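Reader: I should like to learn how a protein model is read, step by step. May we work through one together?

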Amino acid sequence: MCLGIPGQIVEVTDGERQMAMADVSGVKREVSVACVAQGDLEDLVGKWVLIYVGFAMSVIDENEAAETLEALRGLGEAQETLEAMAHGVSALEGTQ
């Protein structure tokens with residue numbers, strides 16, 4: 001399964017290499033915008049993109065980005081719950 005993460009382009013860092021800085025839930029990382037570049041790269045600043053392994057794969061709207069981030073947070077919480085349950089079972093098995 002491939003999972004793209006929404007991020008907002010906050011600045012173009014290297015126009016020649018088509019690289020930009022994206023804010024992904026408060027964490028900034030440089031990504032390639034070659035796949036979504038059309039015209040002036042500065043037009044991407046402020047736009048939301050779906051990022052996969054360091055590449056902005058598509059431009060998405062703000063609502064889609066918010067919904068995806070919320071779903072990812074929910075998945076993270078579910079994973080934490082499953083891990084806590086697994087640790088709880090392990091702890092119980094160790095006391096028997």
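The questions and answers below go through the strands, the loops, the surface and the helix in turn.

Reader: In what order do the strands and the helix follow one another along the sequence?

Author: The model discussed here is a predicted one. Its secondary structure comes to 1 helix and 5 strands. Read along the sequence, these elements follow the pattern β-β-β-β-β-α.

Reader: Do strands β2 and β3 run parallel or antiparallel, and how many bridges join them?

Author: Strand β2 covers residues 19-24, and strand β3 covers residues 27-32. One of the pairings places Met21 opposite Glu30 in β3. The two strands run antiparallel, and the number of bridges that join them is 6.

Reader: Which residue in the turn between β2 and β3 has a positive phi?

Author: The strands β2 and β3 form a hairpin with 2 residues between them. Most residues other than glycine have a negative phi. In this turn a residue that is not a glycine has a positive phi of about 50°. That residue is Ser25.

Reader: Is Ser25 buried or exposed?

Author: Ser25 has its place in the loop between β2 and β3. Its relative accessible area is 53%, and the term exposed applies to values over 50%. Ser25 is therefore exposed.

Reader: What is the phi of Gln18, and where does this residue lie?

Author: Gln18 is found in the loop between β1 (5-14) and β2. With a relative accessible area of 27%, Gln18 is partly exposed. Gln18 is a residue other than glycine, yet its phi is positive, with a value near 60°.

Reader: How far apart are the C-alpha atoms of Leu41 and Gln18?

Author: Leu41 lies in the loop between β3 and β4. Along the chain, Leu41 and Gln18 are 23 residues apart. The separation of their C-alpha atoms is 7.6 Å.

Reader: Does Leu41 count as buried or exposed?

Author: The relative accessibility of Leu41 is 10%. A residue is called buried under 20%. Leu41 therefore counts as buried.

Reader: Which residues gather in the patch of negative charge on the surface?

Author: One member, Asp40, is found in the loop between β3 and β4 (48-52). Asp40 is partly exposed, with a relative accessible area of 46%. A further member, Glu30, is the bridge partner of Met21. The full patch consists of Glu11, Glu30, Asp40, Glu42 and Asp43.

Reader: How many bridges pair β4 with β5, and which residue in their hairpin has a positive phi?

Author: The strands β4 and β5 pair in the antiparallel sense over 5 bridges. Leu50 stands opposite Ser58 in β5. The hairpin has 2 residues between the strands, and the residue with a positive phi, near 40°, is Val53.

Reader: What accessible area do the residues of the nonpolar patch have together?

Author: The patch is formed by Tyr52, Val53, Phe55 and Met57. Met57 lies in strand β5 (residues 55-60), and Met57 is partly exposed at a relative accessible area of 44%. Together the members of the patch have an accessible area of about 380 Å².

Reader: How many salt bridges does the structure hold?

Author: Arg17 forms a salt bridge with Asp14, the closest N and O atoms being 3.2 Å apart. Asp14 is partly exposed, with a relative accessible area of 22%. Glu70 forms a salt bridge with Arg73, and here the closest N and O atoms are 3.7 Å apart. The number of salt bridges in the structure is 2.

Reader: In which element do Glu70 and Arg73 lie?

Author: These two residues are 3 residues apart, about one turn of the helix. Arg73 is partly exposed, with a relative accessible area of 43%. Both Glu70 and Arg73 lie in helix α1 (residues 62-94).

Reader: What is the relative accessible area of Pro6, and how far is this residue from Leu69?

Author: Pro6 has its place in strand β1. It has a relative accessible area of 0%, which means that Pro6 is buried. Pro6 and Leu69 are 63 residues apart in sequence, whereas their C-alpha distance in space is 6.8 Å.

Reader: What share of the residues of the protein counts as buried?

Author: Pro6 is buried, and Leu41 also counts as buried. The protein has 96 residues, and the share that counts as buried is 25%.

Methods. Residues are numbered from 1 along each chain as its sequence is written. This is a predicted model: local features need pLDDT of at least 70, side-chain atom pairs count only at pLDDT 80 or more; totals for chains, interfaces and linings use all residues. Side-chain values use heavy atoms; hydrogens and water are left out. Two strands pair if DSSP finds at least two bridges between them. Helices (H or I, at least four residues) and strands (E, at least two) are DSSP runs, numbered from the N terminus. Patches are made of residues with over 30% relative accessible area and no salt bridge: like charges are joined within 9 Å, nonpolar side chains (Val, Leu, Ile, Met, Phe, Trp, Tyr) within 5 Å. Accessible areas come from the Shrake-Rupley method with a 1.4 Å probe; for residues, only the protein chains shown count as cover. A salt bridge is a side-chain nitrogen of Lys or Arg within 4 Å of a carboxyl oxygen of Asp or Glu. Lys and Arg count as positive and Asp and Glu as negative; His and the chain ends are not counted. The place of a charge is taken as NZ of Lys, CZ of Arg, CG of Asp or CD of Glu. Buried means under 20% relative accessible area, exposed over 50%, partly exposed in between (1.4 Å probe, protein chains only).
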